[in-house]
Amino acid sequence: MNIGDYEDVQLLVAQVGDETLREVLTHAEAGQINERSWTYWHYRLGLADLGNVPAMPVREFA
């Protein structure tokens, strides 16, 4: 979900569907998705309103 062009996005959505991608995004761990893609996918999948994208995951050390 980090690389590719618009055609790749369309192919990915056609292959796995929006619901699967929502699951992937909501369970992403820190470092798996870059900031640009994080924002794009939240808007694309209807998980955020304009200007209200959730914070990216943060790696925690125990």
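Contact means heavy atoms within 4.5 Å. The model is predicted: local features need pLDDT of at least 70, side-chain atom pairs count only at pLDDT 80 or more, and totals for chains, interfaces and linings use all residues. Residues are numbered from 1 along each chain as its sequence is written, and side-chain values use heavy atoms, leaving out hydrogens and water.

**Exercise 1.** Place His42 and find which residues it is in contact with, leaving aside neighbours within four places in sequence.

- Start with the element: His42 sits in helix H2. Helices are DSSP runs (H or I, at least four residues), numbered from the N terminus.
- Next, accessibility. His42 is buried because its relative accessibility is 4%. Buried means under 20% relative accessible area, exposed over 50%, partly exposed in between (1.4 Å probe, protein chains only).
- Last, the partners: Leu25, Leu47, Ala48, Val53 and Pro54.

**Exercise 2.** Describe the aromatic pair.

- Rings of Phe, Tyr and Trp (its six-membered ring) pair if their centres lie within 6.5 Å; planes under 30 degrees apart are stacked, over 60 edge-to-face, the rest tilted.
- The structure holds one such pair. Tyr40 and Trp41 form it, with 5.2 Å centre to centre and 80 degrees between the planes, so it is edge-to-face.
- Tyr40 is partly exposed, at 33%. Trp41 is buried, at 2%.

**Exercise 3.** Which residues make up the largest nonpolar core?

- Such a core joins buried Ala, Val, Leu, Ile, Met, Phe, Trp, Tyr and Cys residues through side-chain atoms within 4.5 Å.
- Nine residues belong: Val9, Val13, Leu21, Leu25, Ala28, Ile33, Trp38, Trp41 and Leu45.
- Helix H1 (6-26) and helix H2 (35-44) each give two or more. H1 gives the largest share, four residues.
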